[in-house]
Amino acid sequence: MSLLDFFRTTKPSTASAAKERLQIIVAERRQQGEALPAYLPQLKKDILEVLAKYVNADPNMVKISLEHSDDNLSVLELNVTLPDDDESA
Amino acid sequence: MARIIVVTSGKGGVGKTTSSAAIASGLALAGHKTAVIDFDIGLRNLDLILGCERRVVYDFVNVLNGEASLQQALIKDKRSENLFILPASQTRDKDALTMEGVQQVLSELDQLGFEFVICDSPAGIEHGAMMALYFADEAIITTNPEVSSVRDSDRILGILDAKSKRAEKGLEPVKQHLLITRYNPSRVDAGEMLSVDDILEILNIPLLGVIPESQSVLNASNKGVPVVFEEQADAGQAYQDAVARLVGEDKPMRYVKAEKKSLLKRIFGG
């Protein structure tokens with residue numbers, strides 16, 4: 001940095017702007033790019049079969065989703081809605 | 001088995017051909033029998049960077065069409081007896097690149113005892129680029145510290161993970177290496193350029209090397225001598241380090257920090 005630059009007001013770093021913009025588009029691309037694993041439908045079917053032993057299983061009871069969050073972390077979310085007590089009893 | 005390595009980037013002008021020539025020459029200098037193939041059909045340039053443009057008789061497309069044998073088309077490098085160049089055609093249609101033809105050439109190179117086959121990809125994601133990456137075991141993603149180049153590199157990583165032979169056959173994925181070219185540490189310090197760490201954080205693949213922005217690269221291509229032969233030049237040394245890492249050596253990164261400026265330069269700039 002030359003002496004003249006020293007007296008100029010410091011500009012915000014353009015590199016950090018570039019990084020932020022890239023992180024957003026890359027994260028979007030990676031979410032689109034990664035298809036859901038092929039085993040998910042089979043996993044759902046197996047879970048339903050086990051549930052059917054104990055409760056009245058309905059295909060809509062199980063909701064499975066896979067989310068990619070940070071760098072190396074994927075979250076498998078499993079949501080099971082059990083039928084009302086009086087039905088299952 | 002020969003290691004088939006594609007040098008790719010998506011974006012044009014980032015240094016794929018310069019890097020292909022430098023890395024192939026570096027591998028040959030280190031004693032590895034290496035072939036380098038120009039996949040940029042219709043726009044051949046690898047021959048010029050390697051200084052063998054006057055010695056091209058037959059090309060890749062002649063071999064694919066059965067008009068010449070692979071041995072007839074391969075040009076032996078003048079500087080290293082371990083390096084052979086398969087030039088692209090200058091005129092013909094890129095549709096000549098068929099999957100069967102490319103596979104045939106690669107397996108012949110393997111039978112001829114080549115240890116490394118470097119595939120210099122054209123820019124873009126069209127047929128020529130897809131053929132260059134399809135059979136690759138490894139990929140060197142050439143990236144400039146600049147937004148459009150980083151984005152295109154990410155796109156190419158997605159294609160390697162989905163459309164390569166290894167992806168289609170469910171084999172071990174293509175091994176990815178990041179090669180950052182035209183890096184300027186002083187501009188990074190000034191907050192004007194993405195740093196190595198920034199790019200690594202975004203692309204998240206292992207780093208093979210960082211080549212500094214250097215006058216020696218243009219000087220080398222002017223002469224038709226791969227920059228890796230410029231032993232005193234920063235870029236030449238950085239390519240040598242990258243080649244050493246490719247064959248498993250552990251080398252510290254050089255030329256990633258800005259040089260200290262003298263007091264006079266600090267005051268008067270420049």
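**Exercise 1. A charged pair within one helix**

Task: Classify Glu49(A) as buried, partly exposed or exposed, and find which residue it forms a salt bridge with.

Solution. Step 1: Glu49(A) has a relative accessible area of 47%. Because partly exposed covers the range between 20% and 50%, Glu49(A) is partly exposed. All of this refers to a predicted model.

Step 2: The salt-bridge partner of Glu49(A) is Lys45(A), with 3.8 Å between the closest N and O atoms.

Step 3: Lys45(A) has a relative accessibility of 46% and also counts as partly exposed.

Step 4: Both residues lie in helix H3 (residues 40–54) of chain A, four residues apart, so about one helical turn separates Glu49(A) from Lys45(A). An α-helix has 3.6 residues a turn, so residues three or four places apart point the same way.

**Exercise 2. The contact of the two chains**

Task: State how many residues each chain brings to the contact, and describe the side of chain B that touches chain A.

Solution. Step 1: Chain B contributes 21 residues and chain A contributes 16 residues.

Step 2: About 1600 Å² is buried between chain B and chain A, and 55% of it lies on carbon and sulfur atoms. On the side of chain B, the most area is lost to chain A by Val147(B), Asp154(B) and Ile202(B), which together make up 32% of what that side buries.

Step 3: Polar links come next. Nine residue pairs are in polar contact across the interface of chain B and chain A, both residues being at pLDDT 80 or more. Three helices of chain B, namely H7 (147–163), H10 (196–203) and H13 (263–268), each supply at least two residues of the side that touches chain A. With seven residues, H7(B) gives the most to that side. By type, the side of chain B that touches chain A has nine nonpolar, four polar and eight charged residues.

Step 4: The rule finds four salt bridges across this interface. One salt bridge joins the side chains of Lys19(A) and Asp198(B), at 3.2 Å from N to O.

**Exercise 3. The surroundings of Ser195(B)**

Task: Locate Ser195(B) and find which backbone nitrogen its side chain reaches.

Solution. Step 1: Ser195(B) sits in the loop between helix H9 (185–189) and H10 of chain B.

Step 2: The relative accessibility of Ser195(B) is 16%, so Ser195(B) counts as buried.

Step 3: Its side chain reaches the backbone nitrogen of Asp198(B) at 3.0 Å. Leaving aside residues up to four places away in sequence, Ser195(B) touches Tyr183(B) and Val188(B).

**Exercise 4. Helix H12 of chain B**

Task: Compare the span of H12(B) with the expected value, and decide whether this helix is largely enclosed or largely open.

Solution. Step 1: H12 (residues 234–246) of chain B has 13 residues and reaches 19 Å from its first C-alpha to its last, close to the expected 18 Å.

Step 2: Eleven of the 13 residues are buried, so H12(B) is largely enclosed by the rest of the structure. Among the buried residues are Tyr239(B), Asp241(B), Arg245(B) and Leu246(B).

Step 3: The cover over the buried residues of H12(B) includes strand E1 (3–8), helix H1 (16–29) and strand E6 (138–143) of chain B.

Step 4: After H12(B) comes Gly248(B), with a positive phi near 95 degrees.

**Exercise 5. Two salt bridges inside chain B**

Task: For the pairs Asp241(B) with Arg254(B) and Asp137(B) with Arg166(B), find where the partners lie.

Solution. Step 1: The side chains of Asp241(B) and Arg254(B) form a salt bridge at 2.9 Å, N to O. The pair links distant parts of the chain, as Asp241(B) is in helix H12 and Arg254(B) is in the loop between H12 and H13, 13 residues apart.

Step 2: Asp241(B) is buried at 4% relative accessibility, whereas Arg254(B) is partly exposed at 34%.

Step 3: Asp137(B) and Arg166(B) also meet through their side chains in a salt bridge, at 2.9 Å from N to O. Here Asp137(B) is in the loop between helix H6 (127–134) and E6 of chain B, and Arg166(B) is in helix H8 (residues 165–168), 29 residues apart. Asp137(B) is partly exposed, with a relative accessible area of 21%.

Note on methods. Residues are numbered from 1 along each chain as its sequence is written. Chains are lettered from A and ligands numbered from 1 in the order in which they are written. This is a predicted model: local features need pLDDT of at least 70, side-chain atom pairs count only at pLDDT 80 or more; totals for chains, interfaces and linings use all residues. Side-chain values use heavy atoms; hydrogens and water are left out. Contact means heavy atoms within 4.5 Å. Buried area is the accessible area (1.4 Å probe) that two parts lose on being put together, summed over both. A polar contact is a pair of N or O atoms within 3.5 Å; within protein, one must be able to donate a hydrogen and the other to accept it, and residues adjacent in sequence count only if both atoms are side-chain atoms. Ala, Val, Leu, Ile, Met, Phe, Trp, Tyr, Cys and Pro count as nonpolar, Asp, Glu, Lys and Arg as charged, and the others, Gly among them, as polar. The expected span of a helix is 1.5 Å times one less than its number of residues. Buried means under 20% relative accessible area, exposed over 50%, partly exposed in between (1.4 Å probe, protein chains only).
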